[in-house]
Amino acid sequence: MSASTASVSPLRQCLRQASKQAHHELDHHPLLTPLLRADLNRTHYGKALAALHGIQASSEQRIQAFLQQCPGWADYRLYCRLPALEADLAALGLQPVAAPSNWPEPTCAASLVGMLYVTEGSNMGGQVIARSIRQHGQDDLPMSFFSGQGEVSDQAWQDFWALANAQCSVDDYALAASTALAVFAAIKIHLDGCRASINATNSRALDA
Ligand code: HEM
């Protein structure tokens, strides 16, 4: 992590601590763990992106639908990364795996914070993945999704925390954390379920 525990808010410490094990399970998932490896190839990369599509689509759609009706959050601008992900998949000649039908829904400011934490946080992880891919000399891979907005991503992350810290009281922490965990669990179920599907639909395109 780039920020020390001393410099982060109590809300962020709570969310990070609550989801530490769940994040570990994701970054060790067979579909995602190749992303930081020096031997990452086009096949591994395409499978990871095809799987991530359903996650990004499900979260962005539910967050966007709720932001407008949530007091205090109507002006928050979620940077939608789905078009970038779709451009990368198109460049690879791949189709996304279908989005899951069941996905957590934000129902109040606290659950919105939990969902945004996972989505905006994954953008920060994406920056690390993009840097790693470049360092390994694999930058012929289409990387608009992981590269995100570059420096603007850091500002978006700070903006998220400024609003989350202001809008979320200590009493809300537990609900924000349980919602973040529900999203992590939904991601894990989706990743587990789509491995076979990816192999079936994309293996010919990837091997070409
Ligand atoms: C859909 C999958 C993923 C989700 C939802 C996710 C979520 C998150 C979240 C919420 C954070 C912020 C933690 C905090 O500082 O409070 C984060 C950070 C991070 N993630 Fe992930 N992550 C995912 C996949 C991955 C993968 C596959 C890797 C590596 C292979 C990874 C590496 C990182 C790293 C290095 C950070 C720290 C970034 C920084 O502090 O600059 N993540 N991720």
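How many residues does H4 have, and how far does H4 reach from its first C-alpha to its last? The legends below, drawn from a predicted model, begin with this helix.

**Figure 1. Helix H4 and the residue that follows.** H4 has 27 residues, and from its first C-alpha to its last it reaches 39 Å. This span is close to the 39 Å expected at 1.5 Å a residue. The helix is mostly covered, with 19 of its 27 residues buried. H4 is followed by Gly137, a residue with a positive phi near 70°.

**Figure 2. The largest pocket and its lining.** The volume of the largest pocket is about 1300 Å³. Its lining comprises 44 residues. Nearest the centre of the pocket lie His23, Gly121, Ser122, Met124 and Gly125. Two or more lining residues are given by each of helix H1 (10-27), helix H2 (42-67), helix H4 (109-135), helix H5 (144-147), helix H6 (151-167) and helix H7 (173-207). H4 supplies the largest share of the lining, twelve residues. By character, the lining of the largest pocket divides into 19 nonpolar, 17 polar and eight charged residues.

**Figure 3. Helix H2, from its capped end to its bend.** At the N-terminal end of H2, Asn41 acts as the cap: one of its side-chain oxygens lies 3.1 Å from the backbone nitrogen of Thr43. H2 has 26 residues and spans 36 Å from its first C-alpha to its last, which is close to the 38 Å expected at 1.5 Å a residue. At Leu52, the helix bends by about 25°. H2 is mostly covered, and 19 of its 26 residues are buried.

**Figure 4. Arg62 within helix H2.** Arg62 is a residue of helix H2. Because its relative accessible area is 13%, under the 20% limit, Arg62 counts as buried. The side chain of Arg62 is joined to that of Gln61 by a polar contact of 3.3 Å.

**Figure 5. His29 and Leu32 in the loop between H1 and H2.** His29 is placed in the loop between H1 and H2. With a relative accessibility of 2%, His29 counts as buried. Its side chain makes a polar contact of 2.8 Å with the side chain of Asp192. Leu32 also lies in the loop between H1 and H2. The relative accessible area of Leu32 is 14%, and this residue is therefore buried. Between the C-alpha atoms of Leu32 and Glu105 the separation is 24 Å, and the two residues are 73 residues apart along the chain.

**Figure 6. Asp171 in the loop between H6 and H7.** Asp171 is found in the loop that connects H6 and H7. This residue is exposed, because its relative accessible area of 72% is over 50%. Asp171 and Ala110 are 61 residues apart in sequence, and their C-alpha atoms are 9.3 Å apart in space.

**Figure 7. Gln13 in helix H1.** Gln13 belongs to helix H1. Its relative accessible area is 35%, so Gln13 is classed as partly exposed, a value in between the 20% and 50% limits. From Gln13 to Met115, C-alpha to C-alpha, the distance is 16 Å, with their positions 102 residues apart in sequence.

**Figure 8. Asn102 in the loop between H3 and H4.** The loop between helix H3 (82-92) and H4 holds Asn102. Asn102 is exposed, because its relative accessible area is 66% and exposure is set at over 50%. Asn102 and Asp139 are 37 residues apart in sequence, while their C-alpha atoms are 35 Å apart in space.

Methods
Residues numbered from 1 in each chain as written. Predicted model: local features only at pLDDT ≥ 70, side-chain atom pairs only at ≥ 80, totals over all residues. Heavy atoms only, no water. 1 Å grid on protein atoms, 1.4 Å probe; cavity = no way out; pocket = protein on both sides within 12 Å on 5 of 7 lines; lining within 4 Å. Points joined across faces, edges and corners; volume = space filled by probe spheres on them. Helix = DSSP H or I, 4+ residues; strand = E, 2+ residues; numbered from the N terminus. Nonpolar A, V, L, I, M, F, W, Y, C, P; charged D, E, K, R; others polar. Expected span 1.5 Å × (residues − 1). Bend = angle between axes of the 7 residues up to and from the residue. Buried < 20%, exposed > 50% of the residue type's maximum accessible area, 1.4 Å probe, protein only. Polar contact = N/O pair within 3.5 Å; in protein donor to acceptor, adjacent residues only side chain to side chain.
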